[in-house]
Amino acid sequence: MVALSALGLTLTDLSAEQKRELKLRGGVRVESATEAAARAGLREAGFTIGATESPIVPVVVGSAEIAIVFWRALLQAGVYVNLMLPPATRPDACLLRTSYSAAHTADEIDRAVEAFATVGRALGVVAAPTPVP
């Protein structure tokens, strides 16, 4: 409780925050709308994402060189993600770890997914969409 007091938080505050962030129902974690939208958008754009059940969604981007260029391009686009390189990953399966909370808006998720798609296409990580005749 000392650490919590030093931060000006109480157990009640943490409980409310956890409920908001994790959207708990009956003790079972339910995927938030922001996580679902991000997962769907990233998959639709052609990315391979990790099969996690958390607000952290890992996106596989390939080699360390591509991952670093991808990460920098996302930063320039205003999207912050965590870069995961070997030895934390396989050399050919470096990750960009995205994180979501209930505080993210639908527009922010859409913007982030679009930035991922644009950079991913430019780097050849995902294919450009095929035009419908």
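The packing of three helices and a four-stranded sheet is described here for a predicted model.

The sheet is open and its four strands follow the order β3-β4-β6-β5, with antiparallel pairing. Its edges are formed by β3 (48-49) and β5 (82-84), each of which pairs on one side only. Strand β6, spanning residues 94-99, runs antiparallel to β5, and three bridges join the two. Within this part of the sheet, M84 is placed opposite L95 of β6.

Two helices contact the sheet. Helix α3 packs on it by touching β3 and β4 (56-62), and the direction of α3 makes about 15 degrees with that of β4. Helix α4 lies across β4, β5 and β6, and runs at about 30 degrees to β6. Strand β4 is thus touched by α3 and is also among the strands crossed by α4.

Both of these helices also pack against helix α5. Two packed helices are described by the angle between their axes and the distance between the axes. For α3 (residues 33-44) and α5, the angle is about 25 degrees and the axes are 10 Å apart. Because angles under 35 degrees count as roughly parallel, α3 is roughly parallel to α5. The crossing of this pair is right-handed. On the α3 side the contact involves T34, A37, A38, G41 and L42, which meet I109, V113 and F116 of α5. Six of the residues in this contact are nonpolar and two are polar, with no charged residue present.

Helix α4 (residues 64-76) packs on α5 (residues 106-122) at an angle of about 140 degrees, again with axes 10 Å apart. An angle over 145 degrees would count as roughly antiparallel; α4 and α5 are therefore oblique to each other. Their crossing is right-handed. In this contact F70, A73 and L74 of α4 meet A115, F116, V119 and G120 of α5. The residues of the α4 contact with α5 comprise six nonpolar and one polar, and none is charged.

Residue F116 of α5 takes part in the contact with α3 and also in the contact with α4. Charged residues are absent from the contact of α3 with α5 and from that of α4 with α5.

Methods. Residues numbered from 1 in each chain as written. Predicted model: local features only at pLDDT ≥ 70, side-chain atom pairs only at ≥ 80, totals over all residues. Heavy atoms only, no water. Axes fitted to C-alpha atoms, helices over the stretch in contact; angles between N-to-C directions. Parallel < 35°, antiparallel > 145°, perpendicular 65-115°, else oblique. Left-handed = near helix turned anticlockwise from the far one by under 90°. Contact = heavy atoms within 4.5 Å. Nonpolar A, V, L, I, M, F, W, Y, C, P; charged D, E, K, R; others polar. Pairing = 2+ DSSP bridges.
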